[in-house]
Amino acid sequence: MRSTSTRRHPPGGSGRQQRSPLGPRAGSGGQRRSAGNHRIVDLQPLSPGRLLTVYLLLCAALGGLAVRLAWLQVVNGDRLQARARSFQTLSVKPLGTRRTIVDRMGRLVALDEVRFTLWAHPRIFNMPGDPPNAVRPVADVAAKLAGVMALPKEQLITLIGNRSSGIRLATDLDPETAEKIKQLGISGLDLIPFPQRVYPQGPLFANVVGFLNQERVPQAGLEQSRDHDLHRQETTLTMRRGADGTPLPDGIQAGSLYGDDLRLQLTLDARLQQVAHQALARQVKQWGAKRGAALVMDARTGEMLALASSPSYDPNRFWNFNPGLFREWSVQDLYEPGSTFKPINLALALQEKVIDPHGTVNDVGQLMIGGWPIFNSDHSAHGVIDFPTVLQVSSNVGMVGAMQHMKRDRYWNWLHTLGIDEVPDTDLPGAVAGQLKSRADFTAGAIEPATAAFGQGFSLTPLKLVQLHAMLANGGRLVSPHITRGLRSGDALANGTAGQGVRLLDPKVSRTVTDWMETVVEKGSGKGLRIPGYRLGGKTGTAQKAHNGVYIPGARICSFVAVLPIEDPRYVVLVVVDEPQGGNAYGATVAVPVARQIVEALLVLEKIPPSRPQDTKLTARPKT
């Protein structure tokens with residue numbers, strides 16, 4: 001076989017093969033065939049203009065890239081970096097929860113619980129196993145939700161209607177129901193969490209704790225006065241995430257996972273509070289009274305163990321109640337204490353040494369002071385009586401005779417020193433000062449000191465009165481009443497601290513007066529408080545009710561204050577009932593029964609041993 005080769009000659013060479021435009025010549029023995037049908041391309045020189053054009057185009061492209069790079073890095077660098085960070089990081093915003101409130105034993109009083117709002121987006125309804133782009137009918141999703149939410153399928157279909165997105169199906173869903181909805185795995189259902197304030201004790205602590213409105217703005221009580229302390233310390237949690245969205249631990253900043261578990265601990269005892277609340281509510285209803293209050297105070301520390309009001313309200317459903325119930329009147333409203341102030345006055349007279357502990361007064365039944373008549377509540381003359389008997393029969397005339405020995409300006413100084421006209425040092429929200437005549441008005445005539453002798457002519461709050469009786473019980477120290485022990489971490493509970501207080505009375509004086517108060521329970525108007533085996537003291541009060549300085553005909557405030565145990569006084573109980581109806585409405589008939597139930601529960605809860613060694617059975621048992 002003959003091989004054929006093709007050779008390329010340089011341009012212009014003498015040996016260049018010339019092709020005929022008509023193709024190879026037939027029958028020519030010197031014919032050259034192109035092997036493999038290769039075409040011979042002659043190389044042509046490039047023109048300088050063409051090279052320059054290409055060069056300029058390359059320079060322009062590189063220049064454009066440089067300008068674009070400078071624009072992205074210099075001008076838009078910060079914006080693009082922030083955008084990239086938003087894709088590379090995960091931010092979890094806090095819900096804005098508040099700290100829990102507990103009683104002295106750690107029982108829940110107020111807490112935040114997570115609730116959920118359910119939103120539906122029918123345009124992207126999709127169930128597990130469906131093709132990615134498939135859209136389920138509303139009826140299919142409603143059928144699944146009906147069983148979980150305990151709602152009729154037709155109701156859910158009606159709620160969704162013809163709208164394609166942004167439909168609120170439910171709010172205030174509990175975490176259990178929300179978890180069941182999540183487990184359905186239905187695309188197009190969004191659960192948005194939010195905190196909700198819950199008050200497990202209902203009306204029991206409403207008068208003290210208050211509530212948050214639906215915008216979570218505090219409206220009353222400790223929720224309002226301690227709002228700053230109740231805000232939980234929360235920070236936005238920021239971390240890096242991978243390309244698939246998985247959070248990476250190296251992006252978590254130090255301290256981001258700190259959990260604020262602080263709780264506000266109260267001094268109140270839920271068990272005693274319940275006893276006081278129920279006993280007070282029954283008595284207010286029985287006597288058709290306007291309202292009532294019951295206070296229990298630890299005389300040594302100033303801690304309030306109970307502070308109940310009736311009527312009350314449910315802070316979980318505050319919108320159903322009269323806003324007038326949202327304030328604690330025993331802290332914010334004034335009244336004339338009447339006979340319950342007589343032990344305080346006798347202590348002041350003893351301190352000033354203007355009366356002898358073994359002395360007597362002549363109760364003639366009625367006096368004229370400055371042209372005004374003063375008489376006993378029973379309109380009886382008791383003759384020559386000692387001071388324990390003055391308390392037992394609640395003699396107004398006898399009190400005037402005792403306090404007449406004290407100079408008027410000294411008497412006013414003492415009332416001012418006791419803080420009658422000052423706001424009490426307390427953490428109870430809304431506490432107000434009492435009203436006391438000016439020094440000039442008080443000392444100008446004999447009638448003002450005379451009416452003050454049996455607890456009228458000035459006004460104070462029930463909180464202030466219980467503070468003054470605690471001064472008698474603890475040996476003469478004026479301690480500050482309070483209802484909080486502070487913030488505690490985790491499950492730890494704070495113990496009560498010893499109250500300091502300012503000593504105003506000689507301990508012998510306070511001991512003498514509390515002994516006299518014991519005779520009121522043993523022999524006088526406080527007999528309804530007697531409990532076998534225990535030494536208890538007390539004083540009843542039935543005062544006229546005044547409004548704007550004018551006494552309201554027929555309107556009374558019945559009260560009773562108890563001190564226990566007399567051999568080592570520790571607790572003070574005060575019950576005040578406003579405007580009970582009926583001719584037999586007195587401190588002994590209206591307030592004493594409530595105080596007895598509270599005292600019986602207190603003896604059990606605080607494990608107070610009997611004063612006398614004998615078989616003692618208490619009839620009341622607090623409910624837990």
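Me: Buried means under 20% relative accessible area, exposed means over 50%, and partly exposed is in between (1.4 Å probe, protein chains only). Why is P532 called partly exposed?

Reply: This is a predicted model: local features need pLDDT of at least 70, side-chain atom pairs need 80 or more, and totals for chains, interfaces and linings use all residues. Residues are numbered from 1 along each chain as its sequence is written, and side-chain values use heavy atoms, without hydrogens or water. P532 has a relative accessible area of 46%. That value lies between the two limits, so P532 is partly exposed.

Me: Where does P532 lie?

Reply: P532 sits in the loop between helix 18 (507–523) and strand 18 (537–547). Helices (H or I, at least four residues) and strands (E, at least two) are DSSP runs, numbered from the N terminus. P532 and S611 are 79 residues apart in sequence, yet 9.2 Å apart in space, C-alpha to C-alpha.

Me: What makes F211 and Y313 an edge-to-face pair?

Reply: Two numbers decide. A pair of aromatic rings is described by the distance of the centres and the angle of the planes. Rings of Phe, Tyr and Trp (its six-membered ring) pair if their centres lie within 6.5 Å; planes under 30 degrees apart are stacked, over 60 edge-to-face, the rest tilted. The search of the whole structure finds 9 aromatic pairs. For F211 and Y313, the centres are 5.9 Å apart and the planes stand at 80°, so the pair is edge-to-face. F211 and Y313 are 102 residues apart in sequence.

Me: How do you know that F211 and Y313 are buried?

Reply: F211 has a relative accessible area of 2%, and Y313 has 1%. Both values fall under the limit for buried, so both residues count as buried.

Me: Why are Y411 and F442 called edge-to-face?

Reply: Their ring centres are 5.5 Å apart and their planes stand at 75°, so the pair is edge-to-face. Y411 lies in helix 14 (residues 408–417) and F442 in helix 15 (residues 439–444), so the pair ties together parts 31 residues apart in sequence.

Me: What makes R570 and D298 a salt bridge?

Reply: A salt bridge is a side-chain nitrogen of Lys or Arg within 4 Å of a carboxyl oxygen of Asp or Glu. The closest N and O atoms of R570 and D298 are 2.8 Å apart, so the pair qualifies. R570 is partly exposed at 25% relative accessibility, whereas D298 is buried at 3%.

Me: Why does K464 have no salt bridge?

Reply: Lys and Arg count as positive, Asp and Glu as negative; His and the chain ends are not counted. The nearest side chain of opposite charge, E422, is 6.6 Å from K464. That exceeds the salt-bridge limit, so there is no bridge. K464 is buried and is found in helix 17 (residues 462–473).

Me: How do you know that the buried residues of helix 5 line one face?

Reply: In helix 5 (residues 175–184), T177, A178 and I181 are buried. Seen down the helix axis, the buried residues fall within an arc of 100°, so they line one face. The arc is that of the directions from the helix axis to the C-beta atoms. The face turned away carries the exposed residues E176 and Q183.
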